[in-house]
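Student: I have a model open and want to learn how to read its helices. Can we go through it feature by feature?

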Amino acid sequence: MTTTGNAQQRIDAYLGRLRARLRGLEDEDIREIVEELRSHIMDKAATAGEASGEITSAGVDTALAALGSPEELASQYLTDNLLARAEVSRSPVQILRSLFRWASLSVAGLCVLLGCIAGYFFGAVFVLVALLKPLHPHTAGLWTFPNGIGDFELSFRLGFGSVPAGGRDLLGWWTIPIGMVGGCGLLMLTTHTAVWFMRQYRRSRILPQG
Amino acid sequence: MKERDLREQETGDKWEVQLRKGCLALAILAALWDRRRYGLEILRRLESDSNLIVSEGTIYPLLSRLKAQGLVHSEWVESDAGHPRKYYALTPAGKRRAIEMTGIWARFSSSMSQLLAPLVKENR
């Protein structure tokens with residue numbers, strides 16, 4: 001089987017554009033995707049060409065037109081893959097990675113990302129306060145203290161430094177169970193909500209495309 | 001959102017595209033039921049057996065998603081054509097999922113058929 005120089009150039013140009021748009025995936029995954037599509041294009045072009053099996057630039061053009069633009073293809077890979085992996089793994093790291101990708105695509109994604117960061121942050125703080133309470137019983141916990149203008153300020157304290165005068169520990173030893181249950185609950189709730197949003201998004205994107 | 005609704009009204013056969021798209025994952029799993037196949041083989045099988053006209057690009061990201069979900073696995077195999085091909089095969093989880101989806105499909109399509117029976121007569 002032979003490939004004319006011009007045909008080879010067209011394949012490389014298409015795959016180059018695809019590779020550039022796949023940035024953000026693992027190098028290994030990008031290589032696999034590009035090689036798989038190269039093999040598809042070669043097979044398809046060989047059958048489109050004459051019986052000789054020679055790969056002509058006309059055959060390559062037919063194959064590339066049937067595949068669609070590399071930009072569209074790359075966008076399907078990125079969104080489908082990252083979201084599918086996040087749904088399966090459910091790890092906060094994978095979910096945040098997927099959300100960063102989504103946030104770069106739409107405002108809705110950005111809103112979910114910010115909400116998700118806030119959820120993980122407060123969940124982690126709850127758990128941290130509960131863990132630190134036994135170590136710093138007199139300073140860790142949920143405190144209120146006057147802020148000088150007659151009002152009260154609510155503050156999570158991890159137990160470092162000293163409590164300002166007039167401060168009051170709201171929960172006492174209840175900090176530990178409430179922090180643990182509330183924190184873990186918030187982490188789980190954040191994960192579930194993020195996955196739910198991603199699923200809705202994927203459904204709305206995959207179905208209507210032609 | 002509004003823009004999409006408009007577009008859907010403009011093209012009356014959009015529904016048909018959605019219907020095909022929704023079935024594509026099951027069609028791919030079914031095409032792999034008897035043996036491993038590479039992308040172009042799956043495409044040809046979908047075209048010849050099920051009349052599911054698929055835009056060729058769509059199948060590869062979907063295969064990659066099925067792999068990420070653990071429903072298929074893949075391996076590179078050398079070919080006579082001079083380049084290796086990526087073959088896909090069902091995993092045990094993929095087989096279970098395909099059977100499960102087929103059950104859902106069978107129930108769905110039999111109740112739709114009943115519902116549509118009077119309209120089918122009209123269509124003749």
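Student: How are α2(B) and α5(B) oriented to each other: oblique, or roughly parallel?

Tutor: This is a predicted model, so keep that in mind throughout. Two packed helices are described by the angle between their axes and the distance between the axes. Here the axes of α2(B) and α5(B), residues 92-123 of chain B, come within 10 Å and cross at roughly 125 degrees. The two helices are therefore oblique to each other. Their crossing is left-handed.

Student: Which residues make that contact?

Tutor: From α2(B), take B:L26, B:L29 and B:A30. From α5(B), take B:G94, B:R97, B:A98, B:M101 and B:W105. By class, that is 6 nonpolar, 1 polar and 1 charged residues.

Student: How do α2(B) and α4(B) lie: roughly perpendicular or roughly parallel?

Tutor: Use the angle and the distance again. The axes of α2(B) and α4(B), residues 56-68 of chain B, come within 11 Å and cross at roughly 70 degrees. Angles of 65 to 115 degrees count as roughly perpendicular. The pair α2(B) and α4(B) is therefore roughly perpendicular.

Student: Which residues meet there?

Tutor: B:L24, B:A25 and B:I28 in α2(B) face B:I59, B:L62, B:L63 and B:L66 in α4(B) as contact partners. The class split is 7 nonpolar, no polar and no charged.

Student: What does the spacing of contact residues tell me about a helix?

Tutor: An α-helix has 3.6 residues a turn, so residues three or four places apart point the same way. Keep that in mind for the next pair.

Student: In chain A, at what angle do α1(A) and α2(A) cross?

Tutor: Roughly 150 degrees, with the axes coming within 10 Å. Here α1(A) is residues 5-21 and α2(A) is residues 27-48. They are therefore roughly antiparallel to each other. The crossing is right-handed. On α1(A), the contact uses A:A7, A:I11, A:L15, A:L18 and A:R19. On α2(A), the partners are A:I30, A:V34, A:L37, A:R38, A:I41 and A:A45. The classes come to 9 nonpolar, no polar and 2 charged residues.

Student: How do I check the length of a helix, say α6(A)?

Tutor: Compare an expected span with the end-to-end distance. α6(A) has 26 residues, 107-132, and at 1.5 Å a residue should span 38 Å. Its end C-alpha atoms are 37 Å apart, which agrees.

Student: Which residues of α6(A) are buried?

Tutor: The buried set includes A:G109, A:V112, A:L113, A:C116 and A:G123. A:F126, A:V129, A:A130 and A:L132 are buried as well.

Student: How is burial decided for a single residue: is A:T79 buried or exposed?

Tutor: Count C-beta neighbours. A:T79 has 22 inside 10 Å, so A:T79 counts as buried. This residue is found in α4(A), residues 70-89. The C-alpha atoms of A:T79 and A:M198 are separated by 9.7 Å, though 119 residues apart along the chain.

Student: And B:K21, buried or partly exposed?

Tutor: With 19 C-beta neighbours inside 10 Å, B:K21 counts as partly exposed. The cut-off for buried is 20 or more. B:K21 is found in α2(B), residues 14-31. Its C-alpha atom and that of B:T58 are separated by 9.3 Å, with these positions 37 residues apart along the chain.

Student: How many helices and strands does chain A have?

Tutor: Chain A has 7 helices and 3 strands. Along the sequence the pattern is α-α-α-α-α-α-β-β-β-α. Buried residues make up 29% of its 210 residues.

Methods:
Residues numbered from 1 in each chain as written. Chains lettered and ligands numbered in written order. Predicted model: local features only at pLDDT ≥ 70, side-chain atom pairs only at ≥ 80, totals over all residues. Helix = DSSP H or I, 4+ residues; strand = E, 2+ residues; numbered from the N terminus. Expected span 1.5 Å × (residues − 1). Buried ≥ 20, exposed ≤ 12 C-beta atoms within 10 Å, placed from the backbone. Axes fitted to C-alpha atoms, helices over the stretch in contact; angles between N-to-C directions. Parallel < 35°, antiparallel > 145°, perpendicular 65-115°, else oblique. Contact = placed C-beta atoms within 7 Å. Nonpolar A, V, L, I, M, F, W, Y, C, P; charged D, E, K, R; others polar. Left-handed = near helix turned anticlockwise from the far one by under 90°.
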